[in-house]
Amino acid sequence: MTVSAKMIVDKDFIIGAIDDRLYGSFIEHLGRAVYGGIYEPGHPEADDMGFRQDVIRLIQALRVPIVRYPGGNFVSGYDWKDGIGPVEDRPKRLELAWRTVEPNYVGMNEFAAWAKRAGTDVMWAINLGTQGVDDARQVVEYANHPSGSYWSDLRIKHGYREPHKIKTWCLGNEMDGPWQIGQKTAAEYGRVAQEAAKVMKWVDPTIELVACGSSNLSMKTFADWEATVLDHTYEHVDFLSLHQYYGNPNNDTPTFLARSLQMDEFIDSVTAICDYVKAKKRSKKKMYLSFDEWNVWFHSREQDTKLDPWQIAPPQLEDIYTMEDALVVGSLLISLLKHADRVKMACLAQLVNVIAPIMTENGGSAWAQTIYYPYLHASVYGRGQALVPLIQSDKYDTKEITDVPYLESIAVHNEADGEVTIFAVNRHLEESLEFDADLRSFGSCTLIEHLVLEHADLKARNTASAPFAVQPHANGGASVDGSKVKASLGKASWNVIRLKVNA
Ligand code: AHR
């Protein structure tokens, strides 16, 4: 059977400018993300502050523009004041979200210093579970006010003369979820988020704020939650959040590979709700979306139920990712790019050890998981403008999802570098896909390289002892004739076709 697909892209058919923050990530005080992940004093690779250089190098290569911190569910019980001042005076707290002990060795100042070293920005989530408006204004004052007030002078006393200038702030986390410390109804959350937003912007009018959308698409309150929260916060916030994780617990790979179609639908629905509230309010403002938690998450769920509580940094949510997970992450990235006009921020959750592209051993090595590679490619080559992909592809059906194109693809135009990059997933598990792309308005192009991530075993993984079992190669074999691109995309493969636009 021949499987084929055609794509037409035109440089004038633009979806939108890609905000660099689309390639954000997330580090929570959870499991070994912080302790044993980015921070491990005594490790041979630790720097003067205890940050692992091997991990920083892997993150720098990813060019992660922003990292959400300190949670997640953790943040709804977190007192940010526990994490400032002399480390020896900081309390150890029972951490109820993940049933651990939080030693507070790393807090705002250390994380901001780490972010600088890693070449990224901080996206700070405030606690709207057990805290409220007062802490909201104080934490912004501590972080961003230059000097001459109680909280800014305290930061200076703690050794940080320069304000951290944290621009992006999340108003709590997943406040609709019964698992959340201080869960709220949409109206309760909407009110406190509005008031917190108001005073935070009074302290620093340059900041941008993200209100919590639903925790995931299957929440019973989905849609009503968004509408009610925005009813309260529309003129006070800049983004609404989306969270969604995907898994393959029943080993149904064709359905798993089609999950990005559901991400498309989810984004379209939330966009429609935002525009409904805009219309209702006769507002001039466009609400943007922050997909600030997304990934594959299912491998570790069972083993996490077996952990003893109240440990410091136990191995939680340590999904070891397979080749097929990388294909899903690649197609989810394409879905985000297809919505670059509205999704301006997104965070691959998370970054190190906890459902993460980077794994470490305590005292040992750090390596890239399979999902590291599509994330790397999209972040490095997917900057510029996302172009409308007009695709005709052979399709398949699963019991759950129908009309699934074998090809998932998008092209990105980086005008500054004179490059076009095509990202493409072949979802077919047995056949190569004969791919034709017509880049007609670009005139003549030259192939830079055709990168491919593929493996004979879809369950292949990278581990400490075999860290490069799954890694990309540059032998994709695409050819270019003028503005016509041809490639045979290997079965179940992730492809990056990089083209130079000839002047
Ligand atoms: O990323 C893991 C957890 O998933 C986060 O803490 C929470 O926000 C979400 O439910």
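**Note on the predicted model: ligand site, salt bridges and helix packing**

1. An oxygen atom of the ligand comes to 2.7 Å from an N or O atom in the side chain of Glu174, and this is a convenient place to start reading the model, which is predicted. Taken alone, the ligand exposes 280 Å², and the protein buries 95% of that area. In all, 13 residues surround the ligand, and the closest of them are Glu28, Asn73, Glu174, Tyr245 and Glu293.

2. Two further approaches to the ligand deserve a look. In the side chain of Glu28, an N or O atom is 2.6 Å from an oxygen atom of the ligand, whereas at Asn73 the partner is a polar backbone atom, which lies 2.9 Å from an oxygen atom of the ligand.

3. Glu174 also leads to His243, since the side chains of these two residues make a polar contact of 2.6 Å. His243 belongs to strand 10, which covers residues 239-246, and it is buried, because its relative accessible area is 2% and the limit for that class is under 20%. A polar contact of 2.6 Å also joins the side chain of His243 to that of Asp292. Once its neighbours within four places in sequence are left aside, His243 is in contact with a set of residues that includes Arg68, Asn173, Ser214, Asn216, Phe266, Phe291 and Glu293.

4. How many salt bridges does the count come to? The count comes to 32, and as general background, side chains of opposite charge can pair when their charged atoms come close. One of these pairs is Asp82 with Arg93, where the closest N and O atoms are 2.7 Å apart. The two residues are 11 residues apart, with Asp82 in the loop between strand 4 (66-69) and strand 5 (93-95), and Arg93 in strand 5. Asp82 counts as buried at 8% relative accessibility, while Arg93 is partly exposed, with a relative accessible area of 41%.

5. A second pair is formed by Glu400 and Arg259, whose side chains meet in a salt bridge of 2.8 Å, taken from N to O. Glu400 sits in the loop between strand 17 (395-396) and strand 18 (404-405), and Arg259 is in helix 8 (residues 259-280), so the pair ties together parts that are 141 residues apart in sequence. Is Glu400 exposed or buried? At 51% relative accessibility, Glu400 counts as exposed, whereas Arg259 is buried, with a relative accessible area of 14%.

6. A third pair joins Glu408 and Arg427, the closest N and O atoms being 2.6 Å apart. Glu408 is in strand 19 (residues 407-414) and Arg427 is in the loop between strand 20 (419-426) and strand 21 (433-438), so parts that are 19 residues apart in sequence are tied together by this pair. Glu408 is buried, at a relative accessible area of 4%, and Arg427 likewise counts as buried, at 2% relative accessibility. Both residues belong to a network of salt bridges that also links Asp264 and Lys338.

7. Helix 2 is largely enclosed by the rest of the structure, because nine of its 11 residues are buried. Among the buried residues are Met108, Asn109, Glu110, Phe111 and Trp114. The buried residues of helix 2 pack against helix 1 (53-62), strand 4, strand 7 (121-126), helix 3 and helix 4. After helix 2 comes Gly119, whose phi is positive, near 75°.

8. Helix 4 (residues 150-157) can be read alongside helix 2. Its buried residues are Trp151, Ser152, Leu154, Arg155 and Ile156, and they pack against helix 2 (108-118) and helix 3 (133-144). Helix 4 is followed by Gly159, which has a positive phi near 100°.

9. The last point concerns the surface. Which residues form a nonpolar patch there? The patch is formed by Ile8, Phe13 and Leu390, which together have about 240 Å² of accessible area. Ile8 has its place in strand 1 (residues 3-8), and it is partly exposed, with a relative accessible area of 31%.

Definitions and conventions
Residues are numbered from 1 along each chain as its sequence is written. This is a predicted model: local features need pLDDT of at least 70, side-chain atom pairs count only at pLDDT 80 or more; totals for chains, interfaces and linings use all residues. Side-chain values use heavy atoms; hydrogens and water are left out. Patches are made of residues with over 30% relative accessible area and no salt bridge: like charges are joined within 9 Å, nonpolar side chains (Val, Leu, Ile, Met, Phe, Trp, Tyr) within 5 Å. Accessible areas come from the Shrake-Rupley method with a 1.4 Å probe; for residues, only the protein chains shown count as cover. A salt bridge is a side-chain nitrogen of Lys or Arg within 4 Å of a carboxyl oxygen of Asp or Glu. Helices (H or I, at least four residues) and strands (E, at least two) are DSSP runs, numbered from the N terminus. Buried means under 20% relative accessible area, exposed over 50%, partly exposed in between (1.4 Å probe, protein chains only). A residue is near a molecule or strand if one of its heavy atoms lies within 4 Å of it. A polar contact is a pair of N or O atoms within 3.5 Å; within protein, one must be able to donate a hydrogen and the other to accept it, and residues adjacent in sequence count only if both atoms are side-chain atoms. Contact means heavy atoms within 4.5 Å.
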